[in-house]
Amino acid sequence: MQRINLDEKWCFRRGMLDSVGMLQWDPGELVNLPHDGMIHLDVTKEAQAQHDSGYYPGDTCNYTRYVMIPREWEKDLVGLQFDGVMMHTSIDVNGCKVGEHHYGYSPFYVDLTDYVTFGEENRITINVNTGVQPSSRWYTGSGLFRGVTLCHSPRVFILPDGINVVTREVTDQIAFLEAQVEIGNETLENHMVEVKVELWKEGEPEEKAVAEARRMIEVGKNNRETARISIHLSDPVLWDAENPNLYIVKATVTDQSVFRTHSNPVPIQTVDEAQTLFGIRTITVDSVRGLRINGKPVKLKGGCVHHDNGLLGAVSLYECEERKIRKLKETGFNAVRTAHNPPSGALVEACDRLGMYIFDEAFDAWGMAKRTGDYSQYFAALWEKDLTAFIKRDRVHPSVIMWSTGNEIPERGGLNQGYSTATKLAECIRTLDPTRPVSNGICSFWSGLDDAMAKGQDQTQNAATEKEADFWEKQTEAFTNGLDVVGYNYMEDLYERDHELYPERVILGSENFPREIGFRWPVVEKLPYVIGEFTWTAWDYIGEAGIGKSLFVEETDPLAKKGPWAVMPSSTTYYPWRLANDADFDITGIRKPQGDYRSVVWGSEKTYLYSMQPQNYGKAEVISMWGFTDARKCWNYTGFEGKPVEVIAFSGAEEVELLLNGVSVGKKEVQKDGNLPNSVRFVLPYEKGVLEAVSYTDGMEVSRDRLATTGEPAEIRLIPEKKELRANGHDVVFVQIEILDQNGLLVTDAQIPLKAVLSGVGELSGFGSANPVTEDNYTQPETYSFRGRATAVIRSGYEQGSAELVIENAQLGSFRTEIRMLL
């Protein structure tokens with residue numbers, strides 16, 4: 001199937017476009033895909049979704065492009081392939097509706113063959129609607145946020161996402177594989193087709209195929225058939241997170257004859273081709289040996305990630321996803337959970353190439369709604385179609401090691417035929433892919449029970465308390481039927497007890513509170529039947545605003561007595577809170593204190609030193625269950641000289657010594673138990689200068705970190721993460737902006753106005769900071785630095801040349817950097 005990228009120059013308009021006349025009334029604006037219409041809107045206190053969406057309003061919008069369909073395609077097939085469109089999508093060609101799709105995250109294909117005019121330009125208009133709010137529990141974005149592909153093929157063809165390769169066994173330096181190629185026949189006759197499969201290592205020329213095989217099959221008229229071709233490969237290189245070795249599989253389908261009572265050669269043999277990445281690896285999981293990849297035990301050091309890309313909104317570009325996965329891997333993560341929906345194909349490819357396991361998730365809601373406008377209203381009619389498309393797209397990818405049928409599903413207690421539905425979804429997946437385990441993220445019964453059963457039950461979200469022993473286990477046992485791995489959301493205390501109840505059950509910490517990693521991870525390592533955990537979350541995101549906040553109050557304040565649940569979004573997340581604020585990385589890609597802490601728990605020998613704001617000394621810190629202590633990389637506390645200030649160091653060493661201006665404040669053993677092991681705290685009178693933490697093991701220095709008092713902002717440093725982009729419309733560079741003092745030190749409490757000006761080629765696609773509470777419009781050229789930093793994102797267009805980014809401040813002046821756009 002010929003695939004032509006259609007992402008360049010779409011005309012974007014607000015509202016619904018239902019007539020050609022409207023094209024003249026509203027000129028719209030030209031945009032390149034992927035594109036998020038919602039991120040361009042201003043946040044508003046009146047947004048119906050409130051903190052769920054980060055106060056972004058819903059909207060309707062449309063995209064139009066004229067596409068020339070060559071006359072020589074007249075006897076062929078033409079269609080559009082979408083990796084996901086947000087949401088309630090309607091596709092029109094030349095004013096006629098040709099298809100619709102409701103789920104914003106699942107891939108889909110629309111056949112245009114009977115609607116286009118060959119040899120002419122055809123108007124394609126795509127209307128989307130996110131106006132029914134709240135439609136999700138987080139920021140969704142809107143529009144063509146994953147791009148569009150034009151597909152062209154003969155009438156005997158390889159289906160979109162129609163190639164799969166299954167690793168049957170690897171033994172004696174031989175990989176035994178089965179290639180599966182789905183073939184369609186859109187003719188009125190039965191056809192005999194030859195299917196050839198070739199394999200070669202990625203990066204090597206096609207003529208160096210390492211294996212090939214072929215098969216002849218019959219494909220009936222107006223039908224679909226799967227060619228199954230056994231193939232073996234000597235001396236294979238296997239894929240895993242440490243060694244992401246990839247192959248390319250290419251399928252060639254040749255239409256050879258029409259079959260009636262015997263074969264009759266066709267006058268012209270048509271040929272269709274397609275190829276995809278894949279990797280050779282095996283997966284097994286059981287309660288005795290745990291998870292094994294290629295026969296080796298693996299514990300999943302996982303993080304949940306939502307689909308947005310911060311300053312870019314929901315736009316998914318490979319370069320953004322690759323950057324995200326690379327930074328997570330550098331911290332120690334080896335797995336991500338695509339919470340709570342099918343990810344973009346770009347993220348899956350990044351995980352394939354970099355080596356990151358994926359816990360691949362299908363749905364956040366089934367038939368019972370979590371929000372008024374969510375997928376629940378379409379689940380009964382569309383779940384099988386959407387689930388099938390998602391599985392077929394991702395099953396060839398080695399990074400995907402586990403499927404999830406859903407997250408915190410209200411039907412987990414059996415309501416709305418939940419038990420049978422759970423089994424039905426798991427069996428559907430096994431029909432499509434029997435090689436990977438199936439899971440589901442199950443939480444406690446803060447919802448999901450009828451009135452009689454809920455009476456007396458703790459209704460606090462993700463509560464671990466029960467009104468009777470084994471209550472959760474009894475009510476969810478039927479729901480787990482069909483699951484190979486049972487996901488436990490925030491229920492680590494049940495692991496060992498449940499192993500006694502269900503000794504064959506494999507358990508996964510499918511969601512975990514971020515600040516508990518220090519005392520939870522040793523348990524994961526100890527128990528073979530627990531295969532890993534996934535923190536909520538690894539990367540910050542828009543929406544569920546303030547779920548990870550902390551507040552400082554007087555000890556007598558009622559909030560202090562109520563504890564973590566006092567700072568949940570519904571009660572304390574006021575406009576303009578925007579971000580969840582619960583992650584190891586902020587939305588600009590800077591690692592936060594909890595990420596540093598996690599890296600230490602996972603074995604980093606580095607020391608990380610942070611301070612607490614002295615104005616909060618003596619107060620109670622009320623931290624959300626998804627929050628982390630408000631430690632800051634700062635030693636600028638003018639006006640607090642001589643006042644007590646608390647500092648905290650994260651270290652895996654035996655002890656830490658604190659030095660202030662070269663003088664020892666004291667030495668303490670690193671805490672090895674309690675709520676925050678691998679940490680040590682000091683209290684000292686504040687004094688300007690340099691504060692250092694030095695870690696020691698066996699009396700020898702291991703590492704050190706420092707905080708320094710800085711001067712006032714004096715200059716701006718621009719740090720582009722790369723200097724050259726490809727002029728393909730999809731490449732991006734993140735330019736980190738730092739506010740420095742006269743000595744070149746980062747002023748970590750600087751909050752100053754900044755203006756961005758981009759000249760030349762490309763576009764300024766995002767500009768802002770990691771501030772979780774802001775009214776900034778990330779698509780506008782003004783922002784304020786946050787804790788001394790801001791970020792600009794430059795996206796390439798389709799033109800070669802140079803782009804100059806200038807960052808201005810009225811007091812500090814102008815500072816610039818140049819980016820080149822190359823073919």
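**Exercise 1.** In this predicted model, the side chains of Glu319 and Arg726 meet in a salt bridge; work out which elements the pair links, and whether each partner is buried or partly exposed.

*Solution.* Begin with the geometry: the N to O distance between the side chains of Glu319 and Arg726 is 2.4 Å. Next, place the partners, with Glu319 in helix 2 (residues 318–331) and Arg726 in strand 40 (residues 724–726), so that the pair links distant parts of the chain, 407 residues apart. Finally, apply the cut-off for buried, which is under 20% relative accessible area: Glu319, at 15%, is buried, whereas Arg726, at 40%, counts as partly exposed.

**Exercise 2.** Carry out the analysis for the salt bridge between Glu178 and Arg228, and state what the pair ties together.

*Solution.* The side chains of Glu178 and Arg228 meet at 3.5 Å, N to O. Because Glu178 lies in strand 12 (residues 174–185) and Arg228 in strand 15 (residues 223–234), the pair ties together parts that are 50 residues apart in sequence. As for accessibility, Glu178 counts as buried at 13%, while Arg228 is partly exposed at 46%.

**Exercise 3.** Determine whether Glu361 and Arg337, which meet in a salt bridge, are buried or exposed, and locate both in the chain.

*Solution.* The N to O distance between the two side chains is 2.8 Å. Glu361 belongs to strand 24 (residues 357–361) and Arg337 to strand 23 (residues 335–338), 24 residues apart. Both Glu361 and Arg337 are buried.

Conventions: Residues numbered from 1 in each chain as written. Predicted model: local features only at pLDDT ≥ 70, side-chain atom pairs only at ≥ 80, totals over all residues. Heavy atoms only, no water. Salt bridge = Lys/Arg side-chain N within 4 Å of Asp/Glu carboxyl O. Helix = DSSP H or I, 4+ residues; strand = E, 2+ residues; numbered from the N terminus. Buried < 20%, exposed > 50% of the residue type's maximum accessible area, 1.4 Å probe, protein only.
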